[in-house]
Amino acid sequence: MDHLISRLTLEEKVSLLGGQDFWSLPAIPRIGLRSLVMSDGPIGVRGTGWAPEDPSVALPSPTALAATWDPELARTAGRLLGQESRRKGVHLLLGPTVNLQRTPLGGRHFECYSEDPLLSGEIGAAFVTGVQEHGVGTTVKHLVGNDFETDRMTVDVRIGEGALRELYLAPFERVVAAGGWGVMSAYNSVNGLPMASNEPLQSDVLKDEWGFDGIVVSDWRAARETVGAALGGLDIAMPALENPWGPRLVAAVRAGQVPEDVIDEKVRRVLRLAGRVGLLDGVPPAVGSFPANLDGDAVAKTVAARSFVLARNEHDVLPLRPADLTRVAVIGALATDARVLGGGSAQVTPPHVISPLDGLTRALAGVDVVHAVGADPRPFLPALAEPASVTLLGADHRFDVPSAAVRWIGDLPGGIAPEDVTGLELRTTFIPRQDGEHVFAVSGFGTFDLVVGGEQRYSGTLHPPGTGRADLLLSPREQRTTVALAAGVPVEVTLRQTIRPGMAHTVSATLGHRPPGVSDDGLLAEAVALAAGSDVAIVVVGTTEQVESEGFDRASLALPGRQDELVARVAEVNPRTVVVVNAGSPVLLPWADDVAAVLLTWFPGQEAGAALADVLLGAEEPGGRLPTTWPRREEDCPVLHVVPRDGTVEYDEGLFIGYRAWDRAGTPPRYAFGHGLGYTTWRYDDLAATPAEAVVTLTNTGSRPGREVVQVYAGPTGPSAPQRPARWLAGFAVVEAHPGETVTVRIPLPGRTWQIWDGGWRTVPGAYTVTAAHALDDPRLSAALQVSWCG
Ligand code: BGC
């Protein structure tokens, strides 16, 4: 690389360290370097635009992937996204997110894997391996302490050394050890230093101590200091907008504030990455041949089914036997409008979404499958479900959208230049199905005109609450208007948005609609009546984009709207009530003990309904186990502190997050870490443990083939020191067996199981108990162990 670096001017070198636009680095053809393109994110590859004309496979949310407890499946998911990246011309995928689920209030909880660092690290490492097998880089994010969203740009997160090393840095360290080519640094500060400028963590720990040879890219607009970030271990500042480097960094080098070798080292890392991903002439790419192509729909469906956690199944109500069913009620607004992915930069536009109702209707041919909304938690009206045509005004470019919503950030549809666009016009012909008062809504940000049937119905400007991207895209404002329409009579609807010059790179405009209908009480009554007259009531409840998203934390763990009341009332009239929870992170389930079954499905990705049908009807076993504890009451949660005081959040709970804290408090949660039922039963026959390995033998004692996640926990025998958890996850493995079959699995236990951070890693010798468990609260076999050596 050095011969190439010596051919570059200082300006050229610095140009390689910052975005040339939202998503890419510049090319320097003179040295045979092509432009490197980046894209979000953990569940799909959005590409450089957000346009419906360029859809992306949407996998289940990262927590769902972790709920499979299956690194091999995570690797397959990674391979699929590597394949998608190549299809979309993306060289660096901005993920995975391995921040820990410190508290269920964290807005991006759904985007993280687990409350446990081992599980997070193993899933993250396997995912990264899979993506990179396609010669596409990854950036494990967000280093470190971005475990909540409130004031994320400015907050100083104060984390003690032990918790930092043993919990929060551990998954990053694991991914780096697995060979990840990139790291994204976080918005927040840690222990007084902004992460983008955090020399102790980025240079000393990540690069020097862990030997990381890839690039550190800033989170988008996280780099705010010119010299501090240059000296603090950051290699690439993104995006071009408000970038503190460029000419300012050139000037800082010329002024002697930043040595040129520091720049050269960053360029060396950028060129190394470019070489790895095949963008540098003369350097053979890291990967010569790619894995066979995968079927995206099939991977999305498998991950979903294996992630669903069957939390309760009284009297084996599941799986359902279609032969016993005449009529099935599928209830809930999310049954037709499933939330398949979480809000924020993790969003992509999938090619299709199979809703729970679609999936069940298809799978239950011959059964009368009926639907009622029951309770609608969505605060904004959903987009009018009619195909619409969109014209980019000024550029004279047209494209079609499947429903009346337009949204993108970065590249414009059709590759149009933002400065050419003066507005957009979304036009559709709507044929009402009912007579009466139809509600139309304009939501998004900017200046809008709405014309329905030739009459102007709204004209005005919607201002987002703040100026951040999250504010723009995730907290839209909404204006409603009511229009009387006659059934069957087509009406022209036009939503026109005026866009200020040069501002067309970020657009969000939705034309919402609600047909005339019954009152909220009427909706509930209708659903209850339908449930009473059906063999089974499947109620789909969950959160909305306004509850779980990047950009803000959750205000409450309760299900929004009247969904709790809906479930309680349906359960009163139908003893075979199956509740499907469509939420990315824990929600309160006050009715959980009163319903026949509870299935937790996370944000299940584009194949949501197909996977749901397979699991409810028993074609697939619900394979998931909880990667995070689900509380009974919000106040029982050990950590709820996400709002900075005087600009800081103290992680004063130390090591006690997740089950480590629930264990100490002794309060039983609703569902423990690791919990999840299957459709068969298991007998644990034998456990033999050494400090390096647990060997577990178990038998499938049920009547169908099954999959079990064998979990191994370790902890000191007898009382633990007050500052230490009682036990922690030490290893895990997925096994499969036929009825009556006995299998033996060898589970490696990492040396870190027995170590603490004490200014350095130190093995704590002594007597330990190793437990093989079905879940944290369902231990099956224990073995005593003496640890005296360093693993
Ligand atoms: C998010 C990152 C994301 C980046 C680019 C940021 O707001 O925190 O996770 O990769 O935007 O979209």
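A cavity here is a set of grid points where a 1.4 Å probe fits but cannot get out. Keep that in mind as you open this predicted model.

**Stop 1: the domains**

Colour the chain by its domain assignment. Domain 1 covers 2–276, and domain 2 is assembled from 299–336, 357–374 and 522–650. Domain 3 spans 388–514, and domain 4 spans 680–787. Now place a marker at the C-alpha centre of domain 3 and another at that of domain 4. The two centres are 55 Å apart.

**Stop 2: the cavities**

How many cavities of 30 Å³ or more are there? The count is six. Go to the largest, which holds about 80 Å³ of space. Its lining has 13 residues. Select Arg 102, Pro 104, Glu 115, Gly 658 and Trp 662, the lining residues closest to the cavity centre. By class, the lining of this largest cavity splits into two charged, five nonpolar and six polar residues.

Why does the largest cavity lie between domain 1 and domain 2? Because both domains, 1 (2–276) and 2 (299–336 + 357–374 + 522–650), contribute residues to its lining.

**Stop 3: the N-terminal loop**

Select Gln 20. It sits in the loop that runs from helix H2 (10–15) to strand E1 (38–39). Is Gln 20 buried, partly exposed or exposed? Its relative accessibility is 43%, so Gln 20 counts as partly exposed. Add Leu 241 to the selection and draw a line between the C-alpha atoms. Gln 20 and Leu 241 are 221 residues apart along the chain, yet their C-alpha atoms are separated by 8.9 Å.

**Stop 4: two cis peptide bonds**

Most peptide bonds are trans. Here are two places to check omega.

- Select Leu 143 and Val 144. A cis peptide bond joins them, with omega about -10°. Val 144 is in the loop between strand E4 (140–143) and strand E5 (156–158).
- Select Met 238 and Pro 239. The bond joining this pair is also cis, with omega about -15°. Pro 239 belongs to the loop between helix H9 (227–231) and helix H10 (247–254).

**Stop 5: two aspartates with positive phi**

Most residues other than glycine have a negative phi. Turn to two aspartates and read their backbone angles.

Begin with Asp 316. Its phi is positive, near 50°. Where does Asp 316 sit? In the loop between strand E10 (309–313) and strand E11 (327–331). Show the surface: Asp 316 has a relative accessible area of 54%, so this residue is exposed.

Move on to Asp 646. This residue is not a glycine, but its phi is positive at about 50°. The loop that holds Asp 646 connects helix H17 (608–616) with strand E26 (648–650). Asp 646 has a relative accessible area of 81% and is exposed, because the cut-off is over 50%.

**Stop 6: a three-stranded sheet**

Finish by selecting strands E27, E28 and E31. They form an open sheet in the order E27-E28-E31, and the pairing is antiparallel. Which strands are at the edges? Strand E27 (682–690) and strand E31 (742–748), each of which pairs on one side only. From one strand to the next, the twist averages 20°.

Zoom in on the E27 and E28 pair. E27 runs antiparallel to strand E28 (residues 693–700), with eight bridges between them. For one bridge to display, pick Leu 687. Its partner in E28 is Val 696.

Definitions and conventions. Residues numbered from 1 in each chain as written. Predicted model: local features only at pLDDT ≥ 70, side-chain atom pairs only at ≥ 80, totals over all residues. Heavy atoms only, no water. 1 Å grid on protein atoms, 1.4 Å probe; cavity = no way out; pocket = protein on both sides within 12 Å on 5 of 7 lines; lining within 4 Å. Points joined across faces, edges and corners; volume = space filled by probe spheres on them. Nonpolar A, V, L, I, M, F, W, Y, C, P; charged D, E, K, R; others polar. Domains from an automatic or database assignment. Pairing = 2+ DSSP bridges. Helix = DSSP H or I, 4+ residues; strand = E, 2+ residues; numbered from the N terminus. Axes fitted to C-alpha atoms, helices over the stretch in contact; angles between N-to-C directions. Buried < 20%, exposed > 50% of the residue type's maximum accessible area, 1.4 Å probe, protein only.
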